[in-house]
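Please open the model in your viewer and keep the selection tool at hand, since this tour moves from one selection to the next.

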Amino acid sequence: MPGRKNVAIDAARTGRRAAAVHRAFLLGLFALTLGLFRLPAFAAAPVTVLTIDDAIGPASADYVVRGIARAARDRSQLVILKMDTPGGLDTSMRSIIKAILASPVPVASFVAPSGARAASAGTYILYASHIAAMAPGTNLGAATPVQLGAPMQPAPDGKNDERDNKSGKPASPDDATTSPMTHKQVNDAAAYIRGLAQLRSRNMEWAERAVRQAVSLPADEALQMHVVDLVAADVPALMARLDGKRIQVAGTDRLLQTRDAPIIDLAPDWRSKFLSTITNPGIALLLMTIGIYGLLFEFMSPGFGVPGVVGAICLLLALYALQLLPVNYAGLALILLGLSFMVAEAFLPSFGIIGLGGVAAFVAGALMLIDTELPGFGIPLALIAAIAVLSVLVIGSIVGIALKTRRRALVGGPNDLIGDIAEVVDDTPDDAWARLRGETWRVVSKTPLHRKQKVRVVARKGLALEVVPVGNQAQGEQAC
C-alpha cells in the first residue's frame with residue numbers, strides 16, 4: 001500500500017510539472033507572437049533625402065516643396081536636403097524657405113559632398129532649416145543680393161564702385177556710390193536672414209555680414225562660429241550624429257532615431273526634369289524662336305499642319321517658362337519685334353532691310369532678356385549667335401529667291417508661246433495641226449505645210465497659232 005501511494009504522488013507531481021511546462025510554452029509563444037505583431041510599431045520611421053545640385057529656380061522650388069509634402073505623407077521622421085548650389089532666384093528661394101518653416105517634418109540642410117557650396121540663396125535655406133550641417137571641404141556665404149536690371153553706375157571718379165579705391169576690397173553696400181534700389185535690396189535681405197538666424201538660434205552677426213559684405217566660411221569655421229550645427233562626411237554619418245537629438249518642430253519636441261532608419265531617396269521626377277528643362281533661359285529662347293518660325297511656315301504653306309502645331313506648342317511652352325523667370329520685358333519686346341520683322345521679310349519686298357533689322361533687334365533683346373546676373377540663369381552667347389546666323393541665312397535665302405524671281409522671264413500668258421518651235425502633225429487642206437509643249441494646236445500659215453515640218457510660232461489668234469516654216473527666208477526666219 002505505501003508503494004502504491006508513493007507512485008500516485010510521483011504521478012501527480014509529474015502531471016503538475018508537465019502542466020507548468022505547457023503553460024510556460026504557451027505564454028512564451030503568446031509573448032513571441034505579440035512581439036512580432038508589435039515590432040513594426042517600434043521600427044524607426046524613414047528618412048527622406050532630397051537633392052539640389054544646381055542653381056535654385058522654379059524647378060528646384062517645385063521639387064523641394066513637393067518633396068517635403070511627400071515626406072509628411074510618408075510619415076518620415078526627418079528630411080535631409082543635400083545642397084550644392086551657386087545661388088538662385090529670390091522667389092524660388094523664398095518658396096523653399098516657406099515650405100521648410102511650415103513643414104511638420106524637421107528639415108536638415110546638408111551642404112555635401114566635399115567640394116560643394118551653399119552660396120547666396122543656399123545660405124538662406126541653410127539658416128531656415130531645423131538642422132544645418134556641412135561636409136568637410138564645403139563652404140557657404142556670399143549672400144549679397146545681385147543687382148537686377150542695369151549694372152551699377154560707376155563712381156564719380158570713373159572707377160568701378162564695387163571696389164574701394166584705397167583698399168581694393170569690395171565696397172560696402174552702404175557706400176554712397178550705390179543706388180537706392182541696392183540699399184533696399186540689401187537691407188531687406190539682411191533683415192530676412194537675421195530673422196531666420198534668430199528663429200534657429202544661429203549666429204546673426206555673421207549672417208548679416210554674409211549679406212552686406214558677401215563673406216564666406218568653410219565648414220570647420222562655420223561650426224566654430226555657430227553658423228551650422230555639425231559637420232559630417234556623408235548622409236549615413238549625419239544620420240548617426242543626429243540619432244537621439246531632440247528637435248523643436250511646430251512647438252513640439254521630436255526625438256530623432258536615425259542611426260538605422262531606412263532612407264527614402266526622392267530623385268527629381270519627370271515633372272521636375274521637364275520644368276527644369278523649359279525654365280532654362282536658353283531653352284526658353286529656343287522654344288520661342290521655333291514657335292515663331294513654325295507659325296511662319298504654316299502661314300506660308302497653309303494646310304500642311306505640322307509646322308503650325310509644333311510652333312504653337314513651342315510658343316506656349318516658351319511663354320509659360322518666361323512667366324516663371326525674371327524676364328526683362330524690354331528685352332522680350334525687342335525679341336518679339338525682331339521675330340516679327342524677320343517674318344515680315346518673307347511677305348514684304350524689302351530685299352533684306354527689314355529682316356536684318358529684325359536680326360539686330362532679336363540679338364539685342366536676347367542679351368537683355370533675363371533680368372539677373374545670377375549664375376545659371378544667363379543665355380549663352382553661343383546660342384544667341386547661332387540663332388542670329390541661322391536667321392540671317394534664312395533671310396538671305398528669301399532675298400535670293402526674290403531676286404531670282406524678279407529676273408526670271410515671264411511664264412504663261414498669251415504671248416508665252418511666241419518664238420517656240422512646233423512640229424506639224426496633220427496637214428489637211430482645211431486645218432493644220434502642230435504639237436507644241438506636249439499639246440496639239442491648230443496652226444495657220446501663209447505657206448503650205450506638210451507633216452513633220454518644223455514651224456515657228458509668230459503670233460497667237462485666239463485658239464490658233466500663226467506659224468511660218470523654219471528656214472523660210474521670205475519670212476525672215478532663221479533655222480533653229
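In this predicted model, begin by selecting D62 and R271, which form a salt bridge whose closest N and O atoms are 3.1 Å apart. D62 lies in helix 2 and R271 in helix 9 (residues 270-278), so the pair ties together parts that are 209 residues apart in sequence. D62 counts as buried because its relative accessibility is 14%, under the 20% cut-off, whereas R271 is partly exposed, with a relative accessible area of 40%.

Keep D62 selected and add R66, because the side chains of these two residues meet in a salt bridge of 3.0 Å, N to O. Both residues belong to helix 2, where they stand four residues apart, about one turn of the helix, and R66 counts as partly exposed at 32% relative accessibility.

Next, select E466 and K461, whose side chains also meet in a salt bridge, at 3.3 Å from N to O. Here E466 counts as buried at 18% relative accessibility, while K461 counts as exposed at 54%.

Now turn to the backbone. Most residues other than glycine have a negative phi, and most peptide bonds are trans. Select R75, which has a positive phi of about 60° although it is not a glycine, and follow the loop between helix 2 (58-73) and strand 2 (78-83) in which R75 lies. With 69% relative accessibility, R75 counts as exposed.

Finally, select A112 and P113, which are joined by a cis peptide bond with omega about 0°; P113 lies in the loop between strand 3 (107-111) and strand 4 (117-119).

Note on methods. Residues numbered from 1 in each chain as written. Predicted model: local features only at pLDDT ≥ 70, side-chain atom pairs only at ≥ 80, totals over all residues. Heavy atoms only, no water. Helix = DSSP H or I, 4+ residues; strand = E, 2+ residues; numbered from the N terminus. Buried < 20%, exposed > 50% of the residue type's maximum accessible area, 1.4 Å probe, protein only. Salt bridge = Lys/Arg side-chain N within 4 Å of Asp/Glu carboxyl O.
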